[in-house]
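Please open the structure in your viewer and keep the selection tool at hand. The tour below proceeds stop by stop, stating what to select and what is to be found there.

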Amino acid sequence: MDCFMLLLLMATLQAVTILTSGAVREASVLGYYITPLFSYYSYHGPVFRVMLRVNRGKLLENRHYGFITYCNNCGNSQEFSWAELGQISCSCSGSHGSRSLVISGPLWTGPLHSAAYISKMINLAEEWGWIGNGAETDLEKLLKQMLDESDPRLKSGYIKMDEVASRAKINSPPLRTMMSAMQKEGYATSRSHIASNAIKTDCPMSVCIRISKELQGVDSFSV
Ligand SMILES: [Zn+2]
């Protein structure tokens, strides 16, 4: 039988991934594995809630348990597994080497929602008449956003549009326009229910900067 765990904490997105990774580690020692069903950020607090499912057995691989880097030089974020720990670097490196990298982990790098579980929540909310009555309620918007966020192609965390605009030295293009331009180039995108002016994506920062400049009619090669 499945067992569920609801964890609460007051902290940042990174803290929720550390908390989840702590639960992954503890469960593994006891012969279980855990998977997140959904997580919810409430800015009243702020509080993060994570619902985890505890399953008997062991995960065959630890692909969602690793390290995340952020490069202060180029703004790119990357994920590294335990096996890649000795090879952490950023493609922009050059003379900066790894000194510009901030490494976080070990932490949970996988999705913070299960798409199947969110779909069940949507169906139940419809059945109870909480959503689907024509007028799109806040709950409906939130559940749809969570479903988008559970796309397994999306990387951990999000890219803030303010940072893209600041690095590109332009005014930020509208979020929707930016997301559709990124999708046209084959990248996965979703809004984030945690930060309003941010995008969850698998698109590197350098490409985000180039796309945003193109949208604003600025030559990518000019400084
Ligand atoms: Zn870099």
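Is C92 buried, partly exposed or exposed? With a relative accessibility of 28%, C92 counts as partly exposed. Please note before continuing that this is a predicted model.

**The whole chain**

Display the entire protein chain, which contains six helices and nine strands. It has 223 residues, of which 39% count as buried. The chain exposes about 12,700 Å², and carbon and sulfur atoms supply 54% of that area. Among contacts with a separation of 6 or more, 64% are between residues 24 or more positions apart.

**The zinc site**

Select the zinc ion together with C71, C74, C90 and C92. The SG atoms of these four residues are its protein donors, at 2.2 to 2.3 Å from the ion. The angles among the four donor atoms run from 98 to 116 degrees, and the site is tetrahedral. For comparison, the ideal angle for four tetrahedral donors is 109.5 degrees. Along the sequence, the donor residues follow the spacing C-x2-C-x15-C-x1-C. C71 belongs to strand β4 (residues 65-71), while C92 lies in the loop between β5 (77-80) and β6 (101-108); the pair therefore ties together parts that are 21 residues apart in sequence. Now compare the surroundings of these two residues: C71 has 0% relative accessibility and counts as buried, whereas C92 is partly exposed.

**A hairpin**

Select residues 32-42, strand β2, and residues 47-56, strand β3. These strands run antiparallel and are joined by ten bridges. To view one of the pairings, highlight I34, whose bridge partner in β3 is V54. Four residues lie between the two strands of this hairpin, and G45 there has a positive phi near 140 degrees.

**A three-stranded sheet**

Move on to β7, β9 and β8. They form an open sheet in the order β7-β9-β8, with antiparallel pairing. Because β7 and β8 (189-191) stand at the edges with a single partner strand each, one side of each has no neighbour in the sheet. Three bridges connect β8 to β9 (residues 198-201). One pairing to select is that of R191 with I199 in β9.

**The largest nonpolar core**

Which residues touch the most other members of the largest nonpolar core? Select M161, V164, M178, M182, I199, C208 and I211, which do so within a core of 17 residues. At least two residues of this core come from each of α4 (161-168), α5 (175-184) and α6 (205-215). In soluble globular proteins, nonpolar side chains tend to be buried together.

Centre the view on C208. Leaving aside neighbours within four places in sequence, C208 is in contact with I159, V164, M178, M182 and C203. Then select all of α6, where M205, V207, C208, I209, I211, S212 and K213 are buried. The buried residues of this helix pack against β7 (159-160), α4 and α5. After α6 comes G217, which has a positive phi near 70 degrees.

**A loop residue beside the last helix**

The final selection is I170, in the loop between α4 and α5. Why does I170 count as buried? The cut-off for buried is under 20% relative accessible area, and I170 counts as buried because its relative accessibility is 14%. Not counting residues up to four places away in sequence, I170 touches A165, S212, K213, Q216 and V218. I170 and K213 are 43 residues apart along the chain, and their C-alpha atoms are separated by 7.1 Å.

Conventions:
Residues are numbered from 1 along each chain as its sequence is written. This is a predicted model: local features need pLDDT of at least 70, side-chain atom pairs count only at pLDDT 80 or more; totals for chains, interfaces and linings use all residues. Side-chain values use heavy atoms; hydrogens and water are left out. Two strands pair if DSSP finds at least two bridges between them. A nonpolar core is a set of buried Ala, Val, Leu, Ile, Met, Phe, Trp, Tyr and Cys residues joined through side-chain atoms within 4.5 Å. Buried means under 20% relative accessible area, exposed over 50%, partly exposed in between (1.4 Å probe, protein chains only). Contact means heavy atoms within 4.5 Å. Donors are N, O and S atoms within 2.8 Å of the metal (3.2 Å for Na, K and Ca); water is not among the atoms, so sites may look incomplete. Four donors count as tetrahedral if all angles lie between 85 and 135 degrees; four count as square planar and six as octahedral if opposite donors are over 155 degrees apart and all others between 65 and 115; anything else is irregular. Accessible areas come from the Shrake-Rupley method with a 1.4 Å probe; for residues, only the protein chains shown count as cover.
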